[in-house]
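Me: Please take a close look at one part of this model, the salt bridges. Say how covered their partners are, and add what helps to place them.

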Amino acid sequence: MTHEAAGVPPTRNDDDRPDDARPAEPQTAPETPDASAGEAGAAAFSDSSDSSDSGPRGGGERPEARLAKAVQVAEQALIEFEIAVETFRVEVENFSRLHHQKLGPMYARLDELDAQIAEARAARTGDPEDLRKAKEARDIVMPMPGVDELFHDWMDSDGLSPEASAMLTEQPVRPPKRVRPSEEARRLYRELARKAHPDLAQDEPERERRDEFITRVNAAYGRGDVELLKELAAEWAAGPAKPLPPLSESEELYARLEWLSRRKELLTVLAKELEESAIGSMLRMAPDDPDQLLADIGDQLLGEVSRREAELSELVQ
C-alpha cells in the first residue's frame with residue numbers, strides 16, 4: 001500500500017475517539033476494488049462536500065462540526081477502498097508468482113514441442129517457408145535476453161526481491177502457498193489497516209510511524225503470516241495513546257477533504273490498472289477460487305502437451 005506523506009493536514013484519529021463518537025464499523029470490506037467500491041467512495045466524498053456547503057441546521061450546529069463529520073465519512077470511505085485495492089493487489093501478485101512457478105515449465109515444454117514439430121516438418125518437406133517457421137519457433141524457445149529479463153523477479157522497489165535474497169544467502173525460497181491469504185490473515189489485515197492507517201495521522205511524525213508499521217503489516221499479509229499479523233496487532237494495541245486534539249479549523253478540514261479526494265483518484269487509477277492487467281483479468285475469471293483456476297489451467301496445458309507429443313511422434317516416425 002502506498003501513501004502520500006507530503007501536505008497532509010492534521011485530522012482526528014479514529015483510534016483516539018470515544019467509543020460513542022466513532023463511526024460504525026462496517027460488517028464486511030469489499031474483496032476487490034470493483035465499481036461498487038469506487039462508487040461508494042465517490043458518494044461519500046460527494047455527500048461530505050454537499051453537507052459542508054449548506055447552512056446551520058437543527059439546533060444551530062456549527063458548520064465546522066458538520067464539516068468534521070463529513071471528513072470522518074470521507075476518511076472511512078477512502079480507507080475501505082484502499083483496503084480493497086491492496087487486497088486485490090496481493091492476490092494479483094501471488095497469482096502471478098504461482099502462475100510462473102507452477103505453469104512456467106509447461107509453457108516452456110509447449111514452446112519446445114512447437115519448435116521440434118516445426119523442425120521435423122521442415123526436414124520432411126524442405127520447403128523454405130517451413131524452414132523459416134522452424135527457425136522462428138526455435139528462436140522463441142531460446143531468445144536473446146534483454147536487460148529487463150535478466151533482472152526480472154530479482155529487483156523490486158525495496159531492492160533485491162525475497163527470492164533473490166534467499167538464493168544469494170543460500171536460504172530456502174518461500175513462495176506463497178496459495179493465491180489468497182487465509183480468512184484469518186485477511187481479517188487481521190483489515191483490522192490493522194483500519195486502526196493504523198497513515199491517513200488517520202494527526203501530524204507528520206505520526207504519519208511516518210504509521211507508514212513504517214503498515215509496511216510491515218502489508219509484508220506479513222502478502223506472505224499470509226497469521227502469527228506475525230497477531231504480533232503486529234499486539235504491538236499496535238500496546239502503543240502510546242495520543243490525546244484528542246481540538247476541533248480543526250474549517251480551512252484545514254476543507255484541505256483535508258481535497259487531499260482525500262485526490263488520494264481516491266490515484267487509487268482508482270491503480271485499481272483499473274490491476275483489473276486490466278493480464279494476470280488481473282485471469283484472476284477475475286475465478287474470484288471465488290483462484291487457486292482452482294491455476295489447477296484448471298495446468299490440466300489444460302497438460303492436455304496440450306500430450307497432443308503435441310503425439311503430433312511430433314507421427315512426424316518423426
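Reply: Three classes of cover are used here: buried (under 20% relative accessible area), exposed (over 50%) and partly exposed in between, with a 1.4 Å probe and protein chains only. The model is predicted, so local features need pLDDT of at least 70 and side-chain atom pairs count only at pLDDT 80 or more, while totals for chains, interfaces and linings use all residues. Residues are numbered from 1 along each chain as its sequence is written, and side-chain values use heavy atoms, without hydrogens or water.

The structure contains 26 salt bridges (a side-chain nitrogen of Lys or Arg within 4 Å of a carboxyl oxygen of Asp or Glu). One of them pairs R256 with E75, with 3.2 Å between the closest N and O atoms. This pair connects distant parts of the chain: R256 belongs to helix α9 and E75 to helix α2, and 181 residues separate them. Helices here are DSSP runs (H or I, at least four residues), numbered from the N terminus, and strands are E runs of at least two. Both R256 and E75 are buried.

A salt bridge within helix α2 joins E86 to R89. Their closest N and O atoms lie 2.7 Å apart. Because E86 and R89 are three residues apart in helix α2, about one helical turn separates them. The two partners differ in cover: E86 has 3% relative accessibility and counts as buried, whereas R89, at 25%, counts as partly exposed.

For E275 and R284, the closest N and O atoms of the salt bridge are 3.8 Å apart. E275 is buried, at a relative accessible area of 17%, while R284 is partly exposed, at 46%. Elsewhere, E86, R89, E93 and R97 form one network through salt bridges that share partners. The pair E86 and R89 described above is thus part of that network.

Helix α2 also matters for the nonpolar packing. The largest nonpolar core has 35 residues (buried Ala, Val, Leu, Ile, Met, Phe, Trp, Tyr and Cys joined through side-chain atoms within 4.5 Å). The residues with the most contacts inside this core are V92, F95, L103, V179, L283, L294 and L301. At least two core residues come from each of α2 (63–125), α9 (250–276), α10 and α11. The largest share, 17 residues, is supplied by α2.

As a contrast in cover, D288 sits in the loop between α10 (278–285) and α11 (290–316). D288 is exposed, with a relative accessible area of 74%.
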